[in-house]
Amino acid sequence: MKNETRRDPRSTDSLDELIGDDAIGHEGRAGAGDHAAVRTWLRLLACTTQIETEIRRRLRTHFDMTLPRFDYLAQLHRFHAEQPEGLRMSQLSRYLMVTGGNVTSLTDELEKLGHVKRNVDPEDRRSIRIALTLRGRRAFDKIAAEHERWVVELLSDLDDDEGRQLHTLLGHLRLSLTRRLNDKG
């Protein structure tokens with residue numbers, strides 16, 4: 001069903017006046033004389049931070065779950081079909097873009113909850129693989145379904161065309177950033 005909320009007709013050029021100084025966040029750093037790229041960057045950062053803060057709050061309130069734990073379980077779930085024996089801790093660290101120590105700590109926490117188990121890697125007895133337990137898969141499926149509903153809700157004021165356009169534009173930005181940064185060597 002289409003979102004019935006009407007878009008505010010006022011210009012978003014002065015968001016601080018529309019949403020207030022307390023809510024402006026990262027965008028409050030931008031001045032009228034700043035380059036459009038800087039203002040865009042700060043708006044992207046403000047949107048990301050606002051959405052992430054709300055997702056963190058809801059995960060904590062509804063599931064007593066942290067975002068790092070959710071992301072950890074999501075990676076194990078994502079690779080479960082192709083690697084049912086689990087992922088090496090080094091792989092998890094790389095996918096989550098965190099240190100090995102962070103992965104170890106998260107593993108300890110999630111293992112105590114019965115969501116993951118450690119297994120010796122049959123290909124390399126010195127390595128440990130982490131796999132979702134049945135309890136972990138069931139918990140993640142429930143949380144992930146709710147997480148998806150929250151994200152859809154938070155972005156629902158964009159109509160379908162706007163959502164596709166924003167996704168496409170951000171895809172172009174990701175591609176150009178990757179190329180630019182890879183060319184720098």
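Let's start with Arg129, which is buried, with a relative accessible area of just 5%. Keep in mind that we are looking at a predicted model. What does Arg129 form a salt bridge with? Its partner is Glu85, and the closest N and O atoms of the two are 3.6 Å apart. Now look at where the two residues sit. Arg129 belongs to strand 3, residues 124-132, while Glu85 is in the loop between helix 4 (67-78) and strand 1 (87-88), so this pair ties together parts that lie 44 residues apart in sequence. Glu85 itself is partly exposed, because its relative accessible area is 32%, and the range for that word runs from 20% to 50%.

Let's move along to Arg88. The side chain of Arg88 meets that of Asp121 in a salt bridge, at 2.5 Å from N to O. This is another link between distant parts of the chain: Arg88 is in strand 1, Asp121 is in strand 2 (residues 116-121), and they are 33 residues apart. Is Asp121 buried or exposed? Asp121 counts as buried, since its relative accessibility is 0%. Arg88, on the other hand, is partly exposed, with a relative accessible area of 25%.

Arg88 also has a salt bridge with Glu123, at 3.8 Å from N to O. Glu123 comes from the loop between strand 2 and strand 3, and Arg88 from strand 1, so here the pair ties together parts 35 residues apart in sequence. Glu123 is exposed, with a relative accessible area of 65%. And here is how the pieces join up: salt bridges with shared partners connect Glu85, Arg88, Asp121, Glu123 and Arg129 into one network. For context, the structure holds 14 salt bridges.

Now, please turn the model to helix 5. Helix 5 covers residues 89-96, and it packs against helix 6, residues 100-112, at an angle of about 110°, with the two axes 9 Å apart. That angle makes helix 5 roughly perpendicular to helix 6. Which residues make the contact? From helix 5 they are Met89, Leu92, Ser93 and Leu96, and from helix 6 they are Gly100, Val103, Thr104 and Thr107.

If you look at the spacing of those numbers, a bit of background helps. An α-helix has 3.6 residues a turn, so residues three or four places apart point the same way.

Which residues of helix 5 are buried? They are Met89, Gln91, Leu92, Ser93 and Leu96. The cover over these buried residues includes helix 4, strand 1, helix 6 and strand 3. Right after helix 5 comes Met97, and its phi is positive, near 55°.

Finally, let's visit the surface. There is a nonpolar patch there, formed by Trp41, Leu44, Ile51, Leu154, Leu155, Leu158, Leu166, Leu170, Leu173, Leu177 and Leu181, and together these residues have about 880 Å² of accessible area. Two elements give two or more residues to the patch: helix 3 (36-63) and helix 8 (160-184). Which of them gives the largest share? Helix 8 does, with 5 residues. One residue to pick out on your screen is Leu170, found in helix 8. Leu170 counts as partly exposed, because its relative accessibility is 32%.

So do take a moment to find these places yourself: the network that joins Arg88 and Arg129 with their acidic partners, the contact between helix 5 and helix 6, and the nonpolar patch on the surface. Thanks for listening!

Note on methods:
Residues are numbered from 1 along each chain as its sequence is written. This is a predicted model: local features need pLDDT of at least 70, side-chain atom pairs count only at pLDDT 80 or more; totals for chains, interfaces and linings use all residues. Side-chain values use heavy atoms; hydrogens and water are left out. Patches are made of residues with over 30% relative accessible area and no salt bridge: like charges are joined within 9 Å, nonpolar side chains (Val, Leu, Ile, Met, Phe, Trp, Tyr) within 5 Å. Accessible areas come from the Shrake-Rupley method with a 1.4 Å probe; for residues, only the protein chains shown count as cover. A salt bridge is a side-chain nitrogen of Lys or Arg within 4 Å of a carboxyl oxygen of Asp or Glu. Helices (H or I, at least four residues) and strands (E, at least two) are DSSP runs, numbered from the N terminus. Buried means under 20% relative accessible area, exposed over 50%, partly exposed in between (1.4 Å probe, protein chains only). Axes are lines fitted to C-alpha atoms, for helices over the stretch in contact, and angles run from 0 to 180 degrees between N-to-C directions. Angles under 35 degrees count as roughly parallel, over 145 as roughly antiparallel, 65 to 115 as roughly perpendicular and the rest as oblique. Contact means heavy atoms within 4.5 Å.
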